[in-house]
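Welcome to this tour! Keep your viewer open and your selection tool ready, and we will go from stop to stop together.

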Amino acid sequence: MREKLSLATARRVALAATGFGEPRPAGALTRRHFNKVLHRLGLFQIDSVSVAVRAHYMPLFSRLGAYPMAMLEGAATPKQRLLFEYWAHEASFLPIDTWPLWQWQMRRAERGENIYSGLAKFGRERPDLIAEMERRVASDGPLAASDIEGQRGQGGWWGWSDGKTALEWLFGAGRITAQERKPSFERIYDLPDRVIPQAVRDLPVPDEEDAHRQLTRVAASALGVATMGDLRDYFRLPAPNYKDRIAELVEAGDLLPVKVEGWSNQAYLSTDARFPRHIEARALLSPFDPLVWERSRSERLFDFRYRIEIYTPAEKRIYGYYCLPFLLGERIVARVDIKADRATSALRVQAAHTEPCAPPETASELLAELRLMADWLGLERIEIMPSGDLAPALALAA
């Protein structure tokens with residue numbers, strides 16, 4: 001049994017676990033490739049920002065290359081129903097067969113124990129509207145918030161209308177769910193009985209403690225090696241008594257305690273972790289990719305300090321509005337601020353910066369990945385702006 005891991009080994013274990021331990025498929029991409037990534041990661045975090053492409057499309061691109069986006073879109077529709085939406089690591093697409101694993105959180109939400117206190121408060125204050133929205137979905141069928149007459153612009157929680165907030169309360173409580181999304185990305189809600197397949201609804205529902213153990217196993221498998229905080233953060237599991245769940249998984253042999261070079265906290269190794277001798281990855285990563293979404297873990301693994309600057313005033317930004325880390329080999333070697341300018345059919349590199357570990361071939365490798373991304377997005381050219389220390393070499397390579 002391994003009791004100590006070098007930092008380089010921990011990086012390779014993490015990269016292999018998260019899907020970067022093998023080359024991208026060379027042939028046609030199929031549903032089998034999609035399913036492999038989905039079940040390796042356990043979720044795709046949803047984000048509405050579409051500066052380049054919405055975040056949930058990116059993990060598949062990072063690992064598979066230029067896959068057809070319809071593959072993901074179709075998986076969340078009634079015709080295929082391979083995914084459902086719920087609050088996991090924020091709003092997420094989740095494998096349909098994990099619906100029973102989230103019943104504990106739905107029960108908590110119904111009791112008013114929401115992650116977001118605003119929804120819990122609304123639930124206490126407006127049970128009448130919540131009941132009315134549930135009745136309307138049940139009687140009228142699939143419903144979007146924009147379908148509710150007289151409910152717009154009322155200044156509810158997060159700027160939502162009261163009708164939208166009622167629908168979101170019901171969504172959190174599992175009394176309605178997302179049937180699919182409109183082209184505008186708006187959720188369409190319906191009853192779970194009409195969305196979740198009967199075979200899935202008939203699966204055993206674990207108690208809360210067992211659900212937390214099962215979700216932690218998924219997180220451990222996806223991360224490879226991680227601290228307790230990393231594991232809990234993956235699905236945003238509750239902090240109280242989480243130490244007990246970790247201890248139970250160690251006792252059962254599902255997690256192996258290890259010491260990672262340079263890490264001050266205890267780490268845990270998944271029992272299905274792989275130990276490749278080297279990693280030859282090349283990928284642009286979404287800010288919400290499981291490899292980098294826990295920022296302290298990015299620093300521990302890659303010596304890479306990463307913050308999203310979307311909400312930072314323009315004059316205070318260091319790297320750019322929507323900056324993607326660039327993974328090359330076993331290290332994150334650069335970051336690039338990009339924007340898809342569909343009006344001019346250009347993928348615009350607004351800034352490009354290297355990391356201290358960047359090798360000489362960084363510019364040429366990054367350019368190749370940007371070209372792949374531009375093709376995937378249907379953009380005809382790459383436009384490189386003269387911002388950042390990598391920009392001159394990137395422009396020269398182009």
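Which ring does the charged end of Arg181 sit over? Select both residues in this predicted model and take a look: the ring belongs to Phe185, and the charged end is 4.1 Å from its centre. Now add Arg54 to your selection, because a charge within 6 Å of the ring centre, and within 35 degrees of the ring normal, counts as sitting over a ring. Arg54 lies over the face of Phe185 too, at 4.3 Å from the ring centre.

**Next stop: aromatic pairs**

The whole structure holds 12 aromatic pairs. Start with Phe84 and Trp99: their ring centres are 5.3 Å apart and their planes meet at 80°, so this pair is edge-to-face. Phe84 belongs to strand 3 and Trp99 to the loop between strand 4 and helix 5, so the pair ties together parts that are 15 residues apart in sequence. Both residues are buried.

Then select Trp102 and Phe235. With centres 5.7 Å apart and planes at 65°, these rings are edge-to-face, so turn your view until you can see that angle. This pair links distant parts of the chain, 133 residues apart: Trp102 is in the loop between strand 4 and helix 5, and Phe235 in the loop between helix 12 and helix 13. Trp102 and Phe235 are buried. They also belong to one aromatic cluster, whose members include Tyr86, Trp104 and Trp293.

**Next stop: strand 10**

Select residues 267-270. Side chains in a regular strand alternate between the two faces of the sheet. Here, Ala267 and Leu269 are on one side, Tyr268 and Ser270 on the other, and all are buried. Add strand 8, which pairs with strand 10 in the antiparallel sense over 3 bridges; Ala226 stands opposite Tyr268. Strand 9 also runs antiparallel to strand 10, joined by 4 bridges, and Leu256 stands opposite Leu269.

**Next stop: helix 1**

Select residues 7-20. The end C-alpha atoms of this helix are only 17 Å apart, short of the 20 Å that a straight helix would reach. Of its 14 residues, 12 are buried, so helix 1 is largely enclosed by the rest of the structure.

**Last stop: two positive phi values**

Most residues other than glycine have a negative phi. Glu90, in strand 4, has a positive phi near 65°. Asp303 has a positive phi of about 55°. Is Asp303 buried or exposed? Show its surface: Asp303 is exposed, with a relative accessible area of 65%.

Notes:
Residues numbered from 1 in each chain as written. Predicted model: local features only at pLDDT ≥ 70, side-chain atom pairs only at ≥ 80, totals over all residues. Heavy atoms only, no water. Helix = DSSP H or I, 4+ residues; strand = E, 2+ residues; numbered from the N terminus. Expected span 1.5 Å × (residues − 1). Buried < 20%, exposed > 50% of the residue type's maximum accessible area, 1.4 Å probe, protein only. Pairing = 2+ DSSP bridges. Phe/Tyr/Trp six-rings, centres within 6.5 Å; stacked < 30°, edge-to-face > 60°.
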